Amino acid sequence: MGVKSRPQTLPGQAITVDEQRRFSVDGLLPSTVMRPNDADHAARDLHACDQVLAAVAVWGGGTQMRLGAPPRGYEVAFSTERMTGLLEYEPADLTCRVEAGMRLRDLQATLRAQGQRLPLDPPHPERATVGGMVAANSNGLTRGRYGTVRDWVIGIAVAYPSGKVARAGGKVVKNVAGYDLMKLHIGALGTLGVIAEVNLKVQARPEAEATLLSHFEAPGAALEVGLQLARQYLAPAAAVVVDGASLPEFLPPPRTGEGRGGGRWSLALKLDGYAREVDAARDLAIRFIRDAGSAVEELEIPPAFWDAARDWSAPADEGVVLRAIVPLTSSQRLIAAVPPDARVLAQPASGVVDVRVPAPSAVETLSRLRDAAGAEGQVVVAAAPVGVKQAVDVWGPPPPGFPIMRALKQALDPNGILNPGRFVGGI
């Protein structure tokens, strides 16, 4: 499935050399750019591309553009940068409707003014957009406690190459109309349509927050404590296990006279909720940590720790990030397959393990991790230079339902203009 030969002139606006570089995808440069103003405009522009069989790459903030296989073709950069409006917000109903190009930082600032938040925290919120978060299914570190994008999206509007806009879901939390269509586009990487609007449910901001940091000689003990705490009523909002070499990236250098505890592996816990809940959760976590033979670091952990941890898996450089999703009890086995020159950030409550590895050893490491993950797990290339992507299968074997995925692609994007070749199985 791919874009057919194109007989006509490309739609869109002329693009400068600097814009070409900014909108490049795996070394390919677009010839034109389109910047629609709203959902209907997006549908018209997509239809214009479809009419001349122009290959399109959809752009939000660009934070997840290294995810996916290299595109088979790329001619038009389709940017949502002008679709940034807050269309509706009902604080009393805990819902809002936003355009896909709205940045997460701006949305959270609007919600914060009303004492509310969206408890999803994808990397680089200063650039990440709501539409990109949904298209890439980018959840951040809170998924173990607060769930994934699927749990917070209650409605969606999508522009298709046919020139039509389809809407699914609704504006109220209990509305389940259009459920299948809505879920279809979450994580589809923009290969079926362009997400134009998103309806979200939100929640009240927590009264208090706290961070605990402890150190272990082996990852197994840290993972087990994180998993045990995730099963408690007062579960952490986020829990990560990181290797000792990566930990300094999250912390400021200690002041003169201060020293930090050390270990080959560290467990960080983020607690939030009512003040009394946070106090109780802290006491519970300290007890579990001590029972595992460790102790909580006494030095204060700054809030910026979680910003660095959140962004760690989406580096700005050309580094390679492999992402494993395995059953909760399999994280330790997967980490055991990680080579010494790699770095690890694992989420014990969700079975997500991110591995940063040097490019020369990426192919071998990917093979080792896929063997360790087994049939119940999945390991994908979350970010890599194009040379590494060309040497591997970025997504791994297609799932059993792949024929249905391919049929949906054919039905919604019959000419294959949307992100051609970037998704599972070359969709």
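Begin by selecting aspartate 413 and lysine 409, whose side chains form a salt bridge with the closest N and O atoms 2.7 Å apart. The model on screen is a predicted one, and every distance on this tour is computed from it. Aspartate 413 has a relative accessible area of 0% and counts as buried, and lysine 409 is likewise buried, at 1%. This pair belongs to a set of 19 salt bridges that the structure holds.

**A salt bridge across the sequence**

Next, select aspartate 26 and lysine 389, whose side chains meet in a salt bridge with an N to O distance of 3.2 Å. The two partners lie 363 residues apart and link distant parts of the chain, with aspartate 26 in the loop between α1 (17-22) and β2 (32-34) and lysine 389 in helix α13, which covers residues 386-391. If you colour by accessibility here, you will find that aspartate 26 and lysine 389 are both buried.

**A salt bridge within one helix**

Now move to helix α9 (residues 275-291) and show the side chains of arginine 282 and aspartate 279, which are three residues apart and therefore separated by about one helical turn. Their salt bridge brings the closest N and O atoms to 3.0 Å. Arginine 282, with a relative accessible area of 27%, is partly exposed, and aspartate 279 is also partly exposed, at 40%. Both values fall between the 20% limit for buried and the 50% limit for exposed.

**A salt-bridge network**

For a group rather than a pair, select Glu19, Arg22, Arg35 and Glu81 together, since these residues are linked in a network of salt bridges.

**Where α8 meets α9**

Keep α9 on display and add helix α8, residues 219-230; the axes of the two helices come within 10 Å and cross at roughly 145 degrees. The crossing is right-handed. To see the contact itself, select Val225, Gln228 and Leu229 on α8, then Leu284, Ala285, Phe288 and Ile289 on α9. Of the residues in this contact, six are nonpolar and one is polar, while none is charged.

**Glutamate 297, after α9**

Follow the chain onward into the loop between α9 and α10, where you will find glutamate 297. What does the side chain of glutamate 297 join in a polar contact? The partner is the side chain of histidine 215, at 2.6 Å. Glutamate 297 has a relative accessible area of 11% and is therefore counted as buried.

**Aspartate 311 in α10**

Continue to helix α10 (residues 304-311) and pick out aspartate 311. At 18% relative accessible area, aspartate 311 is buried, the cut-off for that class being under 20%. Leaving aside residues up to four places away in sequence, aspartate 311 touches Pro123, His124 and Pro125, and the side chain of aspartate 311 reaches the backbone nitrogen of histidine 124 at 2.8 Å. Add aspartate 121 to the selection as well: aspartate 311 and aspartate 121 are 190 residues apart in sequence, yet their C-alpha atoms are 9.6 Å apart in space.

**Glutamate 197 in β10**

Turn now to strand β10, residues 194-201, and show the side chain of glutamate 197. Is glutamate 197 buried or exposed? At 8% relative accessibility, glutamate 197 counts as buried. The side chain of glutamate 197 makes a polar contact of 2.7 Å with the side chain of arginine 97, and a further polar contact, also given as 2.7 Å, joins glutamate 197 to the side chain of arginine 167. Once residues up to four places away in sequence are set aside, the contacts of glutamate 197 include both of these arginines, along with Ala39, Leu87, Val98, Glu99, Ala100, Gly155, Ile156 and Ala157.

**Alanine 166 in β9**

For the last stop, select alanine 166 in strand β9, which covers residues 165-169. Again without residues up to four places away in sequence, alanine 166 touches Ile156, Ala157, Val158, Tyr160 and Leu181. Measure from alanine 166 to leucine 181 in the viewer: the two residues are 15 apart along the chain, and their C-alpha atoms are separated by 8.9 Å.

How values were computed
Residues numbered from 1 in each chain as written. Predicted model: local features only at pLDDT ≥ 70, side-chain atom pairs only at ≥ 80, totals over all residues. Heavy atoms only, no water. Salt bridge = Lys/Arg side-chain N within 4 Å of Asp/Glu carboxyl O. Helix = DSSP H or I, 4+ residues; strand = E, 2+ residues; numbered from the N terminus. Buried < 20%, exposed > 50% of the residue type's maximum accessible area, 1.4 Å probe, protein only. Contact = heavy atoms within 4.5 Å. Polar contact = N/O pair within 3.5 Å; in protein donor to acceptor, adjacent residues only side chain to side chain. Axes fitted to C-alpha atoms, helices over the stretch in contact; angles between N-to-C directions. Left-handed = near helix turned anticlockwise from the far one by under 90°. Nonpolar A, V, L, I, M, F, W, Y, C, P; charged D, E, K, R; others polar.
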